[in-house]
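Let us take a friendly walk through one model together. Please have the sequence and the 3D view open as you read.

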Amino acid sequence: MAKPVLLTVDDDREVLRAIERDLRRKYGSDYRVLRAGSGQEALEIVRELKIRNNSIALFLIDQRMPGMSGVEFLAQAITLFPDAKRVLLTAYADTDAAIAAINETGINHYLLKPWDPPEENLYPVLDELLEDWEAAFPPQFEGIRVLGNRWSPVSHNIKDFLARNHVPYQWLDIETVASDSDVRSLVELLDEEETRSLPIVILPNGVRLRQPSLADLAEHAGLRTRATEAFYDLAIVGGGPAGLAAAVYGASEGLRTVMIEREAPGGQAGMSSRIENYLGFPSGLTGADLARRAVVQARRFGVEIISAEATEVRIDGPYRLLKLANGAELSCHALLVATGVQWRKLDAPGVERLTGAGIYYGAAMTEAMSTKGEDVYVVGGANSAGQAAMHFSRYARRVVMLVRGSSLAASMSQYLINQLKATPNIQIEYNTSVVEAHGEDHLEAISIHCAKTNEVNKVSANSLFIMIGAAPNTDWLANIVERDERGFIYSGPQLTREGKRPNGWKLDREPGLLETNVPGIFVVGDVRHGSVKRVASGVGEGSVAISFVHQYLSKVV
Ligand SMILES: Cc1cc2nc3c(=O)[nH]c(=O)nc-3n(C[C@H](O)[C@H](O)[C@H](O)COP(=O)(O)OP(=O)(O)OC[C@H]3O[C@@H](n4cnc5c(N)ncnc54)[C@H](O)[C@@H]3O)c2cc1C
């Protein structure tokens, strides 16, 4: 946490240096001592500290300064830091002004210059004031702050990215400017241009990013975006359960391992509000918790985790070279593809335009709080949709599940069906699908088609969460590995057809169980053709793959 500030202002440079020295000597270990040579300069500092959400514990201000007196400065400064203690430094001749200021600007004390010895004339007064300040002052949030609009897709992506990467942040919704004093004072301090191009991300060091890309945000939020080494034994693309398990096993068994994840470790599982069927967690655990634990475990074994997107693979003899979207390149001997699947898009008018502005793919946990007291619509009939409905039912007034089929039995686990039926504010509408989304700058209504009656009903809706299946995103690997018509990657025995090994396969062995048609490139988890799409099976495949990686490496190096 940044130390609270003691700000001292004096136009006499000698006096300023002396007071700063005395303050640092006594309070430097607990407070940051800042100084300014004029009221104007000090106000700049005060504004900047407010934007960064730092706290000021004490103003120690000279009264007689050209341009702006100490009292005039304090009158402005305390509007931003009303809880800061205020001490005026005066010459004997100014004591009347100081006494008057006690009423005007709530001066806590005035000190006569010179204050020597400080042990007698300065510290006892300040000790008492700072003790009072500490006792009354709630700690400020000092991490990243995001000022944006609830209905802005960019704001949503930023919140989602930070939350899923476990980067603490404070969300400030511009729509609450009238009712939230934090939002109001921040808006007043920013330039007009900045408030026009929201969202703006304010970093603890004062840097402000306007509508940053996720790659930019990752860089500034302290996530690693480039590899520290040029070569690794094992590179894993994708940080879902399968990739994380491979990372933990690979590194724990001595492989120099790097894992590249473009959004946040945890993958789809990280979006799950409660995984109830993962071995060893009888009362379930959230996907975010599982991801956090796995990341800690991976880091403990020395896995390097990079926040970037892999965009290209090249083969150069025994080396597999991986290119990242940020332009960086790294090479490895064994490459493991664990890129999972991404949500299938709902093809209906208005949906694409309003995605991120009331319409979300997946459970979008960061939006749950904003649905408080509202009606929420969830499209889909699989476990993911069921879990999302359960999760939102804790916040929303009513959750309506729109299911295309006439039952959930074939697509959802029975335990979830039972939970949904036992939750009074969840309503399941069978044989329904969303055919249009309406709204100007955010979702205001949806049109629902009922296959049984063939009727279309338009209902008001502010939140629509879509979970209608998923597809792999493997086009960047199209010329390298063999894939099925939907993009899932073939492995092991799937590659041997009519007794023939895959095209170009030169080794005198069959491809290993989780190996692709390129020796040394492995595939695990949901992205693998024929995989069982579950957390445990992804974890199992990721762990098992490491033994094939070892076998491969023993021949290649
Ligand atoms: C909401 C929800 C609830 C679920 N609940 C359960 C449950 O209760 N029990 C259960 O067993 N299963 C559940 N599942 C399914 C389970 O989460 C998946 O089967 C599992 O996450 C698959 O793991 P994976 O590692 O193969 O892929 P994913 O989890 O999909 O992870 C793949 C990762 O790769 C990253 N990536 C993709 N392309 C690139 C690239 N080019 N460069 C870098 N990174 C890339 C993605 O960002 C992603 O993080 C649920 C799924 C969802 C969506």
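The report below takes up the ligand site, then a cavity, then two single residues.

This is a predicted model, and local features are described where the pLDDT is at least 70.

**The ligand site**

A good place to begin is the shell around the ligand, which counts 34 residues; Glu261, Gln268, Asn277, Gln387 and Asp526 come nearest. By class, this shell has 14 nonpolar, 13 polar and seven charged residues. Which helices and strands each supply at least two residues of the shell? They are helix H11 (241–252), strand S11 (257–261), strand S16 (342–343) and helix H13 (383–392).

Some polar pairs between protein and ligand can be set side by side:

| Residue | Protein atom | Ligand atom | Distance |
|---|---|---|---|
| Glu261 | polar side-chain atom | oxygen | 2.6 Å |
| Ala310 | backbone N or O atom | nitrogen | 3.0 Å |
| Gln387 | polar side-chain atom | oxygen | 2.6 Å |

On its own, the ligand has 1,000 Å² of accessible area, and the protein covers 97% of that. Glu261 and Gln387 thus appear both in the table, through their side chains, and in the list of residues that come nearest to the ligand.

**The cavity**

Let us turn to enclosed space. Rolling a probe the size of a water molecule over the atoms shows where empty space is left. Here the count comes to one cavity of 30 Å³ or more, and the largest cavity holds about 40 Å³ of space. Its lining is made up of Lys50, Asn53, Arg145, Asp182, Ser185 and Leu186. Sorted by class, these lining residues are three charged, two polar and one nonpolar. Which element gives the most to this lining? Helix H8 (residues 181–189) does, with three residues.

**Two single residues**

Next, have a look at His438, which sits in strand S21 (residues 432–438). Is His438 buried or exposed? The cut-off for buried is under 20% relative accessible area, so His438, at 16%, counts as buried. The side chain of His438 is joined to that of Ser447 by a polar contact of 2.8 Å.

Ala91 lies in a loop, the one between strand S4 (85–90) and helix H4 (95–104). With a relative accessible area of 35%, Ala91 is partly exposed. Ile78 is 13 residues from Ala91 along the chain, and the C-alpha atoms of the two are separated by 23 Å.

Notes
Residues are numbered from 1 along each chain as its sequence is written. This is a predicted model: local features need pLDDT of at least 70, side-chain atom pairs count only at pLDDT 80 or more; totals for chains, interfaces and linings use all residues. Side-chain values use heavy atoms; hydrogens and water are left out. On a 1 Å grid over the protein atoms alone, a cavity is a set of points where a 1.4 Å probe fits but cannot get out, and a pocket is an open set with protein on both sides within 12 Å along at least five of seven lines; lining residues have an atom within 4 Å of a point. Grid points are joined across faces, edges and corners, and a volume is the space filled by probe spheres set on the points. Helices (H or I, at least four residues) and strands (E, at least two) are DSSP runs, numbered from the N terminus. Ala, Val, Leu, Ile, Met, Phe, Trp, Tyr, Cys and Pro count as nonpolar, Asp, Glu, Lys and Arg as charged, and the others, Gly among them, as polar. A residue is near a molecule or strand if one of its heavy atoms lies within 4 Å of it. A polar contact is a pair of N or O atoms within 3.5 Å; within protein, one must be able to donate a hydrogen and the other to accept it, and residues adjacent in sequence count only if both atoms are side-chain atoms. Accessible areas come from the Shrake-Rupley method with a 1.4 Å probe; for residues, only the protein chains shown count as cover. Buried means under 20% relative accessible area, exposed over 50%, partly exposed in between (1.4 Å probe, protein chains only).
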